[in-house]
Amino acid sequence: MQAVAFRVSCPNCGQPAERHYLEQQQQIRTQCPRCDYLMTVSAETGSVIEAYAPGLPTLAR
Ligand SMILES: [Zn+2]
């Protein structure tokens with residue numbers, strides 16, 4: 001069980017966020033603790049699995 005975390009800028013609020021590489025699920029999850037931004041993409045295909053961005057209701061459309 002090992003998760004690799006990278007520091008990234010939140011695309012929603014611009015504050016420091018974390019990007020986790022979930023090896024077992026082959027997913028990359030970007031998570032911002034400040035605005036609850038969440039984005040999960042497939043590490044294989046790059047397609048979006050889950051996306052949540054408060055204040056940006058058009059993101060998932
Ligand atoms: Zn944010």
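**Group meeting: two hairpins in an all-strand model**

Let me begin with a single pair of residues: methionine 39 has alanine 51, in strand β5, as its bridge partner. What I show here is a predicted model, and this pair leads into one of its hairpins.

Strand β4 covers residues 38–42 and strand β5 covers residues 48–52. The two run antiparallel, paired over 4 bridges. Between β4 and β5 lie 5 residues, and together the strands make a hairpin. Within its turn, glycine 46 adopts a positive phi of about 80°.

I turn now to the other hairpin. Here strand β2, residues 16–22, is antiparallel to strand β3, residues 27–31, and 5 bridges connect them. On this ladder, glutamate 18 faces glutamine 31 of β3. Which residue in the turn has a positive phi? That residue is glutamine 26, with a value of about 55°, and the turn belongs to a hairpin with 4 residues between β2 and β3.

As a general remark on such elements, side chains in a regular strand alternate between the two faces of the sheet.

Let me now place these hairpins in the whole chain. The protein chain contains 5 strands and 0 helices, in the order β-β-β-β-β along the sequence.

How many of the 61 residues, as a percentage, count as buried? The figure is 10%. As for contacts, among those with a separation of 6 or more, 10% join residues 24 or more positions apart.

To close, I return to the two turns: glycine 46 sits in the turn between β4 and β5, and glutamine 26 in the turn between β2 and β3.

Conventions:
Residues are numbered from 1 along each chain as its sequence is written. This is a predicted model: local features need pLDDT of at least 70, side-chain atom pairs count only at pLDDT 80 or more; totals for chains, interfaces and linings use all residues. A residue is buried if 20 or more other C-beta atoms lie within 10 Å of its own, exposed if 12 or fewer, and partly exposed in between; C-beta atoms are placed from the backbone. Two residues are in contact if their C-beta atoms, placed from the backbone, lie within 7 Å. Two strands pair if DSSP finds at least two bridges between them.
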